[in-house]
Amino acid sequence: MSSRRSRIVDIKAEQARLLKAQAAFRAQEDVLQKETGRLVIEVKGFTSTKQVEQWLSQLKERGL
């Protein structure tokens with residue numbers, strides 16, 4: 001019985017570790033997406049939100 005209990009504890013610890021890693025991954029992904037957006041705006045020379053929205057609309061129309 002104690003080995004079963006030990007496995008349950010191990011599974012719960014692993015689950016907690018994976019949830020923590022998932023949260024860290026998502027946070028890093030958010031930072032990378034923001035940086036990518038900033039770089040695209042800089043490279044494309046956009047100076048307004050409207051320009052960005054128009055460009056995104058064009059991409060959507062093209063299916064990209």
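Mentor: Before we start, helices here are DSSP runs of H or I with at least four residues, strands are runs of E with at least two, and both are numbered from the N terminus. This is a predicted model, where local features need pLDDT of at least 70, side-chain atom pairs count only at pLDDT 80 or more, and totals for chains, interfaces and linings use all residues. Residues are numbered from 1 along each chain as its sequence is written, and side-chain values use heavy atoms, with hydrogens and water left out.

Trainee: Thanks! How many salt bridges does a search of the whole structure find?

Mentor: Three, where a salt bridge is a side-chain nitrogen of Lys or Arg within 4 Å of a carboxyl oxygen of Asp or Glu.

Trainee: Which residue does Arg-17 pair with?

Mentor: Glu-14, with the closest N and O atoms 2.7 Å apart. The two are three residues apart in helix H1 (residues 2-44), so about one helical turn separates them.

Trainee: And is Arg-17 buried or exposed?

Mentor: Arg-17 is partly exposed at 46% relative accessibility. Buried means under 20% relative accessible area, exposed over 50%, and partly exposed in between (1.4 Å probe, protein chains only). Glu-14 is also partly exposed, at 35%.

Trainee: New topic: what does Arg-38 bind to in helix H1?

Mentor: Arg-38 makes a salt bridge with Glu-35 at 2.7 Å, N to O, and another with Glu-42 at 2.8 Å. Glu-42 sits four residues from Arg-38 in helix H1, about one turn.

Trainee: Which residues end up in one network, then?

Mentor: Glu-35, Arg-38 and Glu-42, joined by salt bridges that share partners. Glu-42 is exposed at 53%, while Arg-38 is partly exposed at 40%.
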